[in-house]
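Please keep the sequence and the model side by side while reading. The paragraphs that follow move from a single helix to the core and then to the chain as a whole.

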Amino acid sequence: MTSNASALNAALSGRVFSEGARILSADFESGTLSLDLNAAFADQVRALGSSGELLTISSVVNTAFDVTGATAAAIPVEGETLETGHNIYNEPIGYFDNIF
């Protein structure tokens with residue numbers, strides 16, 4: 001696990017992440033931060049409605065941007081595209097402004 005992943009897990013555990021959810025790795029590649037999340041995170045997000053999903057995903061991504069300075073993030077789950085039933089996260093995403 002990278003140091004970025006450790007810092008992000010510390011920031012998100014117990015606040016955004018449910019029990020067992022975590023970032024496996026956080027690496028820069030071609031200017032994009034890739035946050036490889038575990039299956040427990042995917043299960044957490046899939047159990048939420050669309051509003052809960054938006055709040056959870058935006059909290060993870062915006063926190064990652066604040067910690068690392070990145071401006072785009074990919075959020076695969078164990079190396080595969082995250083599909084939730086509400087959205088398919090197959091492209092890098094940017095900072096979430098004004099979600100409330």
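A residue is called buried here when its relative accessible area is under 20%, and exposed when that value is over 50%, with partly exposed in between. The model is a predicted one, and a good place to begin reading it is the helix closest to the start of the sequence, H1, which covers residues 3-12. Which residues of this helix are buried? They are Ala-5, Leu-8, Asn-9 and Leu-12, and when H1 is viewed down its axis these buried residues fall within an arc of 100 degrees, so they line one face of the helix. The spacing has a general background: an α-helix has 3.6 residues a turn, so residues three or four places apart point the same way. Ser-3 and Ala-10, on the other side of H1, are exposed. The buried residues, for their part, pack against strand E1 (23-29), strand E2 (32-37) and helix H3 (50-68). Just after H1 the chain reaches Gly-14, whose phi is positive, at about 75 degrees.

The aromatic residues offer a second way into the structure, which holds two aromatic pairs. One of them joins Phe-17 and Phe-41 in an edge-to-face arrangement, with 5.7 Å from centre to centre and 70 degrees between the planes. This pair links distant parts of the chain, since Phe-17 sits in the loop between H1 and E1 while Phe-41 belongs to helix H2 (residues 39-46), 24 residues apart. Both Phe-17 and Phe-41 are buried. The other pair, formed by Phe-65 and Tyr-95, is stacked, with a centre-to-centre distance of 6.2 Å and 25 degrees between the planes. Phe-65 lies in helix H3 and Tyr-95 in the segment after strand E5 (88-89), so this pair ties together parts that are 30 residues apart in sequence. Are its two members buried or exposed? Phe-65 counts as buried because its relative accessibility is 6%, whereas Tyr-95, with a relative accessible area of 43%, is partly exposed.

The next topic is the core. In soluble globular proteins, nonpolar side chains tend to be buried together. In this model the largest nonpolar core has 27 residues, and those with the most contacts inside it are Phe-17, Ile-23, Leu-35, Phe-41, Ile-57 and Ile-75. The elements that give two or more residues to this core are H1, E1, E2, H2 and H3, and H3 gives the most, with five residues. Ile-75, leaving aside its neighbours within four places in sequence, is in contact with Leu-35, Leu-37, Ile-57, Val-61, Leu-82, Tyr-89 and Ile-93.

One of these partners, Leu-37, is placed in strand E2 and counts as buried because its relative accessibility is 0%. Not counting residues up to four places away in sequence, Leu-37 touches Phe-17, Arg-22, Ile-23, Leu-24, Ile-75, Pro-76, Val-77 and Glu-78. Leu-37 and Leu-82 are 45 residues apart in sequence, yet their C-alpha atoms are 9.1 Å apart in space. Glu-78 is worth a look for its backbone: its phi is near 50 degrees, a positive value in a residue other than glycine. Most residues other than glycine have a negative phi. Glu-78 is found in the loop between strand E3 (73-74) and strand E4 (82-83), and its relative accessibility of 47% is why Glu-78 counts as partly exposed.

Helix H3 also holds Ser-58, which counts as buried because its relative accessibility is 3%. Beyond its neighbours within four places in sequence, Ser-58 is in contact with Thr-63, Phe-96 and Ile-99.

It remains to take in the whole chain. The protein has three helices and five strands, and from the N terminus on its elements run α-β-β-α-α-β-β-β. Its radius of gyration is 12 Å, close to the 13 Å that the globule rule gives for 100 residues, so the protein is as compact as a globular protein of that length. Along the principal axes its C-alpha trace spans about 30 × 25 × 25 Å. Buried residues make up 41% of the 100 residues, and among contacts between residues at least 6 apart in sequence, 55% join residues at least 24 apart. The accessible surface comes to about 5300 Å², of which 46% belongs to carbon and sulfur atoms.

Key
Residues numbered from 1 in each chain as written. Predicted model: local features only at pLDDT ≥ 70, side-chain atom pairs only at ≥ 80, totals over all residues. Heavy atoms only, no water. Buried < 20%, exposed > 50% of the residue type's maximum accessible area, 1.4 Å probe, protein only. Helix = DSSP H or I, 4+ residues; strand = E, 2+ residues; numbered from the N terminus. Arc of directions from axis to C-beta. Contact = heavy atoms within 4.5 Å. Phe/Tyr/Trp six-rings, centres within 6.5 Å; stacked < 30°, edge-to-face > 60°. Rg over C-alpha atoms; globule rule 2.2 N^0.38 Å. Areas by Shrake-Rupley, 256 points an atom, 1.4 Å probe, with all protein chains shown as cover. Core = buried A, V, L, I, M, F, W, Y, C linked by side-chain atoms within 4.5 Å.
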